[in-house]
Amino acid sequence: MRVLIADGVSPKGIDILAKDYEVVVKDKLPAEELLEIIPQFDGLIVRSASKVTQAVIAAATNLKVIGRAGVGVDNIDIPAATARGIIVLNAPEGNTIAATEHTMAMMLSMARNIPVANETMQKGEWNRKKYVGVELRGKTLGVIGMGRIGSGVAKRALAFDMDVIGYDPYINEERAQALGIEIGSLDDVIAKSDFITVHMPLTAQTKGMLNKDNMKNMKKGVRLVNCARGGIINEADLAAAVKTGIVAGAAIDVFESEPVPVDHPLVGLPGVVLTPHLGASTVEAQVGVSIDVARGVGAALRGEPVSTAVNMAPVSAQVMKVIKPYFDLAERLGCTACSLAEGPIEKIEVEYNGEITEVDTKMITTAVIKGVLNPILEFAVNYVNAPSMAKQRNIKVKEMKNKEAENFANLITVRVTTAASKIRVQGTLFGDEGRIVMINDYRVDVDPHARILICPHINRPGIIGKVGSVMGGADINISGMQVGKTDVSGTNIMVVTVDNDIPPHILKSVIGIDGIFGAKLVNFYVV
């Protein structure tokens, strides 16, 4: 597979990908060239410069993953990528400290007039009285957006003896208490704060969320900071508020359009500190986001779920550590159930028993859906498009949990229903090794190998030998065999693990053996 790096990233990340993939680096890639060459690549890594538009995604016929070496993904058309089943991921932690510290640096620089004082000193001036600043101690800081960076800023502001009030529609009171801050509405933050810093993503809802309408409700002399995304603060309204004295100062690192033109309304305004999008520009952050995005892209290309994917349900590192060993087993359970089912699938049920019920299992359920759909669809189903593919085909998906588990510490049960059949397959982990332990009513212990042949049969001598003879005669190696029993007298199930594909005529020969009730070949599609 090939990975295109369209914007400059640290060589440390490139080295990680180069071990397994062909990596092409084209820094500062023009939009026209990106559109022209993108069909050649399976993976794409960008920073903020390259725009991954709907047109680019439409042309990207082989693309499986887009990685953003940073946090913001507003330069990527996520709905278009999701519709195509392309994973979009970012590196939210690699530059967290850098952005947090830059926010504090901007706040302090603005409060103490450091940039303009330095500039005049370099000209030989000594304006000690002119640049009297304000202290942070005792002031109220309003933090809009209490994610990783917003929480980090709040923590550091508390160390400066500031009072902190936060606004975030997704933070609860327990989290606020743990941080030692007050939580209020956006109006509360605007009315009470001496300093306001924004740490929200740029969306239709957050664009221009600080504007002339609510700036008039701010404390006179308030100071604003934006090291998040350009456009959250309306720049023209901010310039007007600085000129009228409502806003005493502003520190802005990100802009609606970059680079900033010389006639930008904030350029040259007294009390305004501007930096050219330096929030993530530390040596450590550049290496961190490069490594994080490289690992994420590599995982996505291997067909593994990615905890930092932005168009999938987010999963914490702690939960991912618990559920990740189940993904391969879940896919193979789904594939087995699909292969045994007769007719169009109407319903998929996934039941969890045991300790696994204590964590979020939605992604394991998605892995089951992948396993069910991949054998029957003409294109690869992945963790992004699996739920929508099931929905498009009117397949109902139901997830159930029961903490009680009789025979195993953890058990996954997959039930697939069609108009003609109901299939039940169960599996568990022995250590990190997945095993199928039940097929319908038959107790088995099967290593879900690349291919397995499942044959219900009458319980009498000679059946197993005849199947082995057919396989041997076709030069198909049998690497394992299991016979599962049931409470139904006189019937067994044979599960044969084979190393070679079984041609249709050989499968027909197996089905024709007297005493065999049928034979189903399971080719595991884990992509």
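Let me start in a loop, with Asp-475, which is found between α17, residues 463–473, and β20, residues 478–485. What we are looking at is a predicted model, and I will keep that in mind throughout. Phi of Asp-475 is near 60 degrees, which is a positive value in a residue other than glycine. As a reminder, most residues other than glycine have a negative phi, and most peptide bonds are trans. With a relative accessibility of 68%, Asp-475 counts as exposed, because the threshold for that class is over 50%.

A second residue invites the same kind of reading, and that is Asn-113, whose phi is near 55 degrees, again a positive value in a residue that is not glycine. Asn-113 sits in the loop between α5, residues 96–111, and α6, residues 114–122. Is Asn-113 buried or exposed? Its relative accessibility is 18%, and since buried means under 20%, Asn-113 counts as buried.

While we are on the backbone, please also look at the peptide bond from Glu-258 to Pro-259, which is cis, with omega near 0 degrees. Pro-259 has its place in the loop between β11, residues 247–252, and β12.

That β12 takes us to the open sheet, in which 7 strands are arranged in the order β8-β7-β6-β9-β10-β11-β12, with parallel pairing. At the edges are β8, residues 182–183, and β12, residues 272–274, each of which pairs on one side only. If we follow the β8 edge inwards, we find that β8 and strand β7, residues 163–167, run parallel and are joined by 2 bridges. Here Ile-165 stands opposite Glu-182 of β8. Across this sheet there is also a helix to consider, namely α7, residues 148–159, which lies across β6 (140–144), β7 and β9 (195–198), and which runs at about 170 degrees to β6.

Let me now turn to the antiparallel pairings further along the chain. Strands of a sheet pair through backbone hydrogen bonds, either parallel or antiparallel. Strand β15, residues 410–418, is a useful place to begin, as it is mostly covered, with 8 of its 9 residues buried. Which strands does β15 pair with? One partner is strand β13, residues 345–354, which pairs with β15 in the antiparallel sense over 9 bridges, and there Ile-345 stands opposite Thr-418 in β15. Another partner is strand β16, residues 422–430, where the pairing is again antiparallel and extends over 6 bridges. Within that pairing, Thr-413 stands opposite Gln-426 in β16, while Val-414 has Val-425 of β16 as its bridge partner. The connection from β15 to β16 is a hairpin, made through 3 residues.

From β16 the antiparallel arrangement continues to strand β17, residues 433–439, over 6 bridges, and Gly-427 has Ile-436 in β17 as its bridge partner. β16 and β17 also form a hairpin, this one with 2 residues between the strands, and in its turn Gly-431 has a positive phi of about 70 degrees.

For helix packing, I have chosen α14, residues 327–340, and α15, residues 362–373, which pack at an angle of about 40 degrees with their axes 6 Å apart. That angle is why α14 is described as oblique to α15. The crossing of α14 and α15 is right-handed. On the α14 side, the contact is made by Phe-327, Ala-330, Glu-331, Gly-334, Cys-335 and Cys-338, and on the α15 side by Met-363, Ile-364, Ala-367, Val-368, Lys-370, Gly-371 and Val-372. Sorted by type, the residues of this contact between α14 and α15 divide into 9 nonpolar, 2 polar and 2 charged.

I will finish with His-457, which lies in strand β19, residues 451–458. Its relative accessibility is 3%, and therefore His-457 counts as buried. What surrounds it can be given by name: leaving aside residues up to four places away in sequence, His-457 touches Ile-463, Val-483, Gly-490, Thr-491, Asn-492, Ile-493, Met-494, Gly-515, Ile-516 and Phe-517.

Terms used
Residues are numbered from 1 along each chain as its sequence is written. This is a predicted model: local features need pLDDT of at least 70, side-chain atom pairs count only at pLDDT 80 or more; totals for chains, interfaces and linings use all residues. Side-chain values use heavy atoms; hydrogens and water are left out. Two strands pair if DSSP finds at least two bridges between them. Helices (H or I, at least four residues) and strands (E, at least two) are DSSP runs, numbered from the N terminus. Axes are lines fitted to C-alpha atoms, for helices over the stretch in contact, and angles run from 0 to 180 degrees between N-to-C directions. Angles under 35 degrees count as roughly parallel, over 145 as roughly antiparallel, 65 to 115 as roughly perpendicular and the rest as oblique. A crossing is left-handed if the near helix is turned anticlockwise from the far one by less than a right angle, and right-handed if clockwise. Contact means heavy atoms within 4.5 Å. Ala, Val, Leu, Ile, Met, Phe, Trp, Tyr, Cys and Pro count as nonpolar, Asp, Glu, Lys and Arg as charged, and the others, Gly among them, as polar. Buried means under 20% relative accessible area, exposed over 50%, partly exposed in between (1.4 Å probe, protein chains only).
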